[in-house]
Amino acid sequence: MLLAGSDAGRNGGASLPWTAGAAVPTVVFVARIRGREGAPVTLAHFTAIFMGYADAAMPRKVEASRRLQKRAEQMIPGGVNSPVRAFHSVGGDPPFIVRGQGSHLWDADENKYIDYVGSWGPLILGHAAPGVPEAVSAAAKKGTSFGASTPAEADLAEIVISAFPHVEKVRFVSSGTEATMSAIRLARAYTKRKYIMKFEGCYHGHADALLVKAGSGVATLGIPGSAGVPEEFTSLTLALPFNDTDALEQAFKKFEHQIACVIVEPVVGNMGCVPPAPLYLDALREITLRGGALLIFDEVMTGFRLAFGGAQERYGILPDLTTFGKIIGGGLPVGAYGGPREIMNMVAPLGPVYQAGTLSGNPLAMAAGLATLRYLRSHKSTIYADLDKLSSELTEGVMAAARNAGVPICCNRVGSMFTWFFTPGPVTDWTSAAKCDTEAFGRFFRAMLDNSIYLPPSQFEAAFLSAAHTERDVEQTIAAARQAFATVGCGIGL
Ligand code: PMP
């Protein structure tokens with residue numbers, strides 16, 4: 001637990017009455033078994049109980065979630081409003097979530113999970129973090145949307161600008177997709193060039209021009225792009241392998257004076273977590289400068305996650321434009337793009353680049369973002385180091401469990417973003433990520449879920465640790481992984 005506040009409160013009063021490793025009171029133990037009548041109890045469950053992880057021990061119930069999924073499928077494509085949530089690549093029943101508190105989630109069947117998805121990144125402080133719901137509800141009481149400016153917009157802009165030195169002006173939108181789409185439009189207008197460059201396995205939202213060799217759900221579903229996007233719309237998008245400086249040099253030679261911008265996830269999260277090779281971001285900066293193209297860091301995932309000033313602070317590289325999302329909205333829908341005054345002044349109403357939004361700068365979203373960023377700012381001297389330390393304990397503990405079980409996986413981690421790849425690795429780009437045994441990952445994922453650990457339901461998504469996670473969560477997760485590796489033969493080729 002890295003957050004200030006009461007532990008019991010943050011666990012919704014549901015924390016266990018004993019600590020890991022302590023003797024388990026028999027009466028509680030019996031009550032728990034009776035509480036889940038009908039579910040098969042295996043030797044592994046007893047082992048977990050005696051290790052002090054009673055919540056991890058019981059098979060999960062799925063009846064209510066299954067019923068809700070069936071109902072949703074009648075009305076919503078796949079029953080979901082974002083594809084990966086349907087669990088198609090991992091199998092099993094997606095839990096319908098009814099509550100989140102701190103590092104935990106509860107589903108409609110009353111199963112409790114340790115959450116490593118964190119709403120796909122925004123919840124760096126955990127669910128319902130102290131101050132965030134209060135700020136949202138205080139804002140809501142004053143009215144939910146005005147379609148006119150509110151003071152909180154400049155307050156949030158001020159924090160973003162203070163954290164990202166090259167950002168002098170920022171425009172808020174409602175999603176990461178809007179942020180990247182708008183930044184690219186701006187880069188094309190500013191450079192008066194047409195081509196854009198992205199990297200295989202990077203995902204920048206679902207705008208037409210960016211659905212080329214994209215990561216995230218596109219990679220998860222194993223499709224090259226998307227139906228409904230005419231070739232002509234992507235003919236100006238160049239997709240290169242990530243971490244390959246030579247390919248970059250060659251493309252810049254071939255398309256000399258034609259490339260408007262290069263957009264990159266400085267640490268990729270959308271093919272699983274893939275860090276930049278040493279000096280790769282420096283090369284990107286140097287080549288784009290030389291080629292007269294803008295460098296866009298898509299920090300939708302990494303902004304305020306890898307450091308208060310995002311990946312660019314961590315790696316010491318200044319891009320021309322930065323896109324934001326996730327954490328800046330504190331769990332509500334917010335995106336943003338920003339950069340130097342000279343470029344940002346081209347956006348309407350000051351300039352000719354049109355971009356607008358009915359709910360942009362929404363007061364509830366600004367309130368959640370402000371509460372989150374203010375907390376991060378006042379704890380930045382410790383919070384990122386603490387996240388790093390606990391994430392390292394977690395990833396190394398799970399890797400040790402894999403080694404002991406003879407399961408040849410590899411792990412990439414930067415700060416509190418990480419992925420266990422079901423390949424011996426190393427994973428440095430999309431070609432190496434695609435070698436993963438996704439069936440084995442699916443078995444591991446389902447075993448973890450049955451053991452109360454909620455991981456991203458795709459091999460090609462990063463997992464996240466929050467400031468609400470505790471040493472105990474990490475121990476429980478490592479114990480669950482040990483059991484998953486041992487009992488479900490989830491190793492490659494096993
Ligand atoms: N860029 C990156 C790096 C992302 O990870 C995502 C979403 N995962 C997006 C853009 C798109 O954001 P949104 O889903 O809010 O449209």
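Strand 8 (residues 294-298) is mostly covered, with 5 of its 5 residues buried. Here a residue counts as buried if 20 or more other C-beta atoms, placed from the backbone, lie within 10 Å of its own. Strands are DSSP runs of E of at least two residues, and helices are runs of H or I of at least four residues, numbered from the N terminus.

The model is predicted: local features need pLDDT of at least 70, side-chain atom pairs count only at pLDDT 80 or more, and totals for chains, interfaces and linings use all residues. Residues are numbered from 1 along each chain as its sequence is written.

**The chain as a whole**

The secondary structure of the chain comprises 19 helices and 14 strands. Of the 494 residues in the chain, 54% are buried. Two residues are in contact if their C-beta atoms, placed from the backbone, lie within 7 Å. Among contacts between residues at least 6 apart in sequence, 75% join residues at least 24 apart.

**Strand 8 and its neighbours**

In a regular strand the side chains alternate between the two faces of the sheet. From strand 8, L294, I296 and D298 point one way and L295 and F297 the other way, and all are buried. Strand 8 pairs in the parallel sense with strand 7 (residues 259-264) over 4 bridges, and V264 stands opposite F297 in strand 8. Two strands count as paired if DSSP finds at least two bridges between them. The chain crosses from strand 7 through helix 12 to strand 8 in a right-handed β-α-β crossover. A crossover is right-handed if, with the strands pointing away from the viewer, the path from the first strand over the helix to the second runs clockwise.

Strand 8 also pairs in the parallel sense with strand 9 (residues 321-324), over 3 bridges, and F297 stands opposite T322 in strand 9. From strand 8 the chain passes through helix 13 (residues 310-315) to strand 9, again as a right-handed β-α-β crossover.

**Helix 11 against helix 12**

The axes of helix 11 (residues 245-254) and helix 12 (residues 280-291) come within 10 Å and cross at roughly 5 degrees. Axes are lines fitted to C-alpha atoms, for helices over the stretch in contact, and angles run from 0 to 180 degrees between N-to-C directions. Helix 11 and helix 12 are therefore roughly parallel to each other, a term for angles under 35 degrees. T245, L248, E249 and F252 of helix 11 meet Y280, A283, L284, I287 and G291 of helix 12. These contact residues divide into 6 nonpolar, 2 polar and 1 charged. Ala, Val, Leu, Ile, Met, Phe, Trp, Tyr, Cys and Pro count as nonpolar, Asp, Glu, Lys and Arg as charged, and the others, Gly among them, as polar.

**Two open sheets**

One open sheet of 3 strands has the order 11-12-14, with antiparallel pairing. Strand 11 (410-414) and strand 14 (463-464) stand at its edges, each with a single partner strand, so one side of each is left without a neighbour in the sheet. Helix 16 (residues 380-404) lies across strand 11 and strand 12, running at about 180 degrees to strand 11.

Another open sheet has 4 strands in the order 1-2-3-13, with mixed pairing. Its edge strands are strand 1 (97-101) and strand 13 (453-454), each pairing on one side only.

The table lists one strand pair from each of these sheets.

| Strand pair | Sense | Bridges | Opposite residues |
|---|---|---|---|
| Strand 12 (residues 417-421) and strand 14 | antiparallel | 2 bridges | M417 and F464 |
| Strand 3 (residues 112-115) and strand 13 | parallel | 2 bridges | I114 and I453 |

Technical notes: A residue is buried if 20 or more other C-beta atoms lie within 10 Å of its own, exposed if 12 or fewer, and partly exposed in between; C-beta atoms are placed from the backbone. Angles under 35 degrees count as roughly parallel, over 145 as roughly antiparallel, 65 to 115 as roughly perpendicular and the rest as oblique.
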